[in-house]
Amino acid sequence: MNPVNNRFFSLPVADTGQISATALPPFSGMSFSERLNSAVREVNTLQNVSDLAAEKVMLGELDLHEGMMALQEADLSMRLLVQTRSKALEAYKEIMHMQF
């Protein structure tokens with residue numbers, strides 16, 4: 001996934017977890033499950049940031065453009081995560097139907 005834009009980290013979020021603003025290099029020694037868990041946490045963080053950004057736009061504390069960027073980033077990350085899940089399930093089903 002693309003690194004999260006640093007300006008969105010300036011918004012206070014209750015559950016920031018251990019997500020950093022830097023992207024992990026591919027094959028950095030993490031297992032697939034660790035990578036998947038990290039991606040899910042990152043998507044959750046982006047969803048929380050976009051919710052907060054929407055609230056701040058409604059209160060006039062954040063520019064509409066910034067709010068829309070946060071929403072789009074959260075939307076794209078969720079779509080990517082869903083596609084990844086679908087591909088993983090397809091691969092699992094394909095493996096289950098293999099005859100040895």
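This is a short tour of a predicted model, one selection at a time.

**The whole chain**

Start with the cartoon view of everything. The chain holds two helices and zero strands. If you colour by accessibility, buried residues account for 21% of the 100 residues. Now switch on contacts between residues at least 6 apart in sequence: 65% of them join residues at least 24 apart.

**The two helices**

Next, select residues 32-59, which form helix H1, and then residues 64-96, which form helix H2. Their axes lie 8 Å apart, and the helices pack at an angle of about 155°. Because an angle over 145 degrees counts as roughly antiparallel, H1 is roughly antiparallel to H2. Their crossing is left-handed.

**Where they meet**

Show side chains along the contact. From H1, pick Leu36, Val40, Val43, Leu46, Gln47, Ser50, Ala53 and Val57. From H2, pick Leu64, Gly67, Ala70, Leu71, Glu73, Ala74, Asp75, Ser77, Met78 and Leu81, which those H1 residues meet. Colour this set by class and you will find twelve nonpolar, four polar and two charged residues.

**Serine 50**

Now zoom in on serine 50, in helix H1. Is serine 50 buried or exposed? Its relative accessibility is 3%, so serine 50 counts as buried, the cut-off being under 20%. Look for its partners from H2: serine 50 touches Ala70, Leu71 and Ala74, leaving out residues up to four places away in sequence. Then turn to the polar part of its side chain. A polar atom there lies 2.8 Å from the backbone oxygen of glutamine 47. Glutamine 47 is also one of the H1 residues that meet H2.

**Aspartate 51**

Step along to aspartate 51, also in helix H1. With a relative accessible area of 45%, aspartate 51 is partly exposed. Try a distance from here to alanine 74, one of the residues touched by serine 50. Aspartate 51 and alanine 74 are 23 residues apart in sequence, and their C-alpha atoms are 9.3 Å apart in space.

**Methionine 78**

For the last stop, cross to helix H2 and select methionine 78. Methionine 78 has 34% relative accessibility, so this residue counts as partly exposed. Which residues does methionine 78 contact, leaving aside its neighbours within four places in sequence? They are Val43 and Gln47, and both belong to the H1 side of the helix contact. Finally, draw a line from methionine 78 to valine 40: they are 38 residues apart along the chain, with 8.8 Å between their C-alpha atoms.

Note on methods:
Residues are numbered from 1 along each chain as its sequence is written. This is a predicted model: local features need pLDDT of at least 70, side-chain atom pairs count only at pLDDT 80 or more; totals for chains, interfaces and linings use all residues. Side-chain values use heavy atoms; hydrogens and water are left out. Helices (H or I, at least four residues) and strands (E, at least two) are DSSP runs, numbered from the N terminus. Buried means under 20% relative accessible area, exposed over 50%, partly exposed in between (1.4 Å probe, protein chains only). A polar contact is a pair of N or O atoms within 3.5 Å; within protein, one must be able to donate a hydrogen and the other to accept it, and residues adjacent in sequence count only if both atoms are side-chain atoms. Contact means heavy atoms within 4.5 Å. Axes are lines fitted to C-alpha atoms, for helices over the stretch in contact, and angles run from 0 to 180 degrees between N-to-C directions. Angles under 35 degrees count as roughly parallel, over 145 as roughly antiparallel, 65 to 115 as roughly perpendicular and the rest as oblique. A crossing is left-handed if the near helix is turned anticlockwise from the far one by less than a right angle, and right-handed if clockwise. Ala, Val, Leu, Ile, Met, Phe, Trp, Tyr, Cys and Pro count as nonpolar, Asp, Glu, Lys and Arg as charged, and the others, Gly among them, as polar.
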